[in-house]
Amino acid sequence: MRFAKGHGTGNDFVILPDPDGTLPLTPALVAALCDRRRGIGADGVLRVVRSAAHPEAEASAAGAEWFMDYWNADGSQSEMCGNGVRVYARYLAEAGLVDPEGSFDLVTRAGVVPVTMGEEITAGMPVPRVYVQSEADSFGASFIGTAVDVGNPHLVCAVDEPTLEGLDLTRAPAVDPLIFPAGVNIEFAAAGPAPTGSDLYRRMRVYERGSGETQSCGSGACAVAAVALYHAGLDSGVVVIDLPGGRLTVTSTPTECLLRGPAVVVAHGDVDAQAIRQLAPTYS
Ligand SMILES: N[C@@H](CCC[C@H](N)C(=O)O)C(=O)O
């Protein structure tokens, strides 16, 4: 089974080229591939499949050729992955499947995402919807947060720098299951001085649904930017966000949310399909 490995600001993915949708991908196989000791290791899997070859994409593709079939490390699926979109796009460009300097539309479970290529890659993410206040509890501490829908669910908790630094994210913070019946990605964000050319600045960490603490989360950065702008009373602006794995920039208006950052493919190889399939049942 051919694979590539890539990352966007340290949010890493196993990329599975499967243009005709013939790969029998299961949650257990995804979890085995993402295992950092016994598999390849990653925060998630990106199956590169033609929209016409995937039942979830056929209807919504509107002419867009490629579908991002995204899976979390635990084998669950998500509607959206902002870093995944950008890494997927880099893979397509390096494989000669899209113009490395052009733009194209990518189908995701959360709709069609316009992508602009370049040294950094920009994804036109779903416009974040800020909807309700809720709470996250972690190791006995309670954090007030704001729920945001970026195609996938987020809870953004404002904290100060020392709290951000000291957070233990080895275990999933507890959240209200009535507000987040399908789980949620939880961001902790601290404000700081905005760099020249931007309006707001946040440093953030994230505990991702289905993957645990990751080095970066693109949709999470969009959620953090939306809450930052909301609290600043702005309906548009440029928000610079530093994550453990690097910097992302979100440019937001009421009708657009552009996520920009680096994306690289670092390896290509072959998975021993038999060995990985033998491992897979331990995750079922
Ligand atoms: N890291 C991603 C988000 C991946 C999906 C998320 N864990 C979920 O379950 O919604 C990003 O860059 O957006």
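This report covers the domains, the ligand shell, a helix pair and selected residues of one predicted model.

Residues are numbered from 1 along each chain, as its sequence is written. Because the model is predicted, local features need pLDDT of at least 70 and side-chain atom pairs count only at pLDDT 80 or more, while totals for chains, interfaces and linings use all residues.

## Domains

The domain assignment gives domain 1 (2-120 + 263-283) and domain 2 (129-261). Such bounds come from an automatic or database domain assignment. The centres of domain 1 and domain 2 are 24 Å apart, taken over C-alpha atoms.

The two domains touch. 21 residues of domain 1 are in contact with 22 residues of domain 2. Contact here requires C-beta atoms, placed from the backbone, to lie within 7 Å. On the domain 1 side, α2 gives the most, with 3 residues. Helices (H or I, at least four residues) and strands (E, at least two) are DSSP runs, numbered from the N terminus.

By class, that side of domain 1 has 5 nonpolar, 11 polar and 5 charged residues. Ala, Val, Leu, Ile, Met, Phe, Trp, Tyr, Cys and Pro count as nonpolar; Asp, Glu, Lys and Arg count as charged; the others, Gly among them, count as polar.

## Ligand shell

The shell around the ligand holds 18 residues. S78, N83, N152, G218 and S219 come nearest. A residue is near a molecule or strand if its C-beta atom, placed from the backbone, lies within 6 Å of it. The elements that give two or more residues to this shell are α2 (82-94) and α4 (218-231).

Both domains take part: the shell draws at least three residues from each of domain 1 and domain 2. Its classes are 2 nonpolar, 14 polar and 2 charged residues.

## The α2 and α4 pair

The two helices that contribute to the ligand shell also pack against each other. Their angle is about 130 degrees, and their axes lie 4 Å apart. That makes α2 oblique to α4. Axes are lines fitted to C-alpha atoms, for helices over the stretch in contact, and angles run from 0 to 180 degrees between N-to-C directions. Angles under 35 degrees count as roughly parallel, over 145 as roughly antiparallel, 65 to 115 as roughly perpendicular and the rest as oblique.

From α2, the residues G82, N83 and R86 meet G218, S219, A221 and C222 of α4. By class, this contact has 2 nonpolar, 4 polar and 1 charged residues. N83, G218 and S219 belong to this contact and to the residues that come nearest the ligand.

## Helix α1

Helix α1 (residues 27-34) is mostly covered, with 6 of its 8 residues buried. A residue is buried if 20 or more other C-beta atoms lie within 10 Å of its own, exposed if 12 or fewer, and partly exposed in between, with C-beta atoms placed from the backbone. The buried residues are L29, V30, A31, A32, L33 and C34. Their cover includes β2 (11-17), β3 (44-50), β4 (66-72) and α5 (273-279).

## Selected residues

The table gives burial for five residues.

| Residue | C-beta neighbours within 10 Å | Class |
|---|---|---|
| Y88 | 31 | buried |
| A123 | 30 | buried |
| T9 | 26 | buried |
| F139 | 10 | exposed |
| V266 | 9 | exposed |

Y88 sits in helix α2. Leaving out residues up to four places away in sequence, Y88 touches L46, V48, M68 and L106. The C-alpha atoms of Y88 and W66 are 9.6 Å apart, with their positions 22 residues apart along the chain.

A123 lies in strand β7 (residues 121-125). With the same exclusion of residues up to four places away, A123 touches G82, V85, R86, V113, V115 and L259. A123 and R260 are 137 residues apart along the chain, yet their C-alpha atoms are separated by 6.6 Å.

V266 is in strand β18 (residues 264-270). Beyond four places in sequence, V266 touches K5, G6 and H7. V266 and V150 are 116 residues apart in sequence and 28 Å apart in space, C-alpha to C-alpha.

T9 has a positive phi of about 45 degrees although it is not a glycine. T9 is found in the loop between β1 (2-8) and β2. F139, also not a glycine, has a positive phi of about 45 degrees. F139 is placed in the loop between β8 (129-138) and β9 (141-149). T9 is buried, whereas F139 is exposed.
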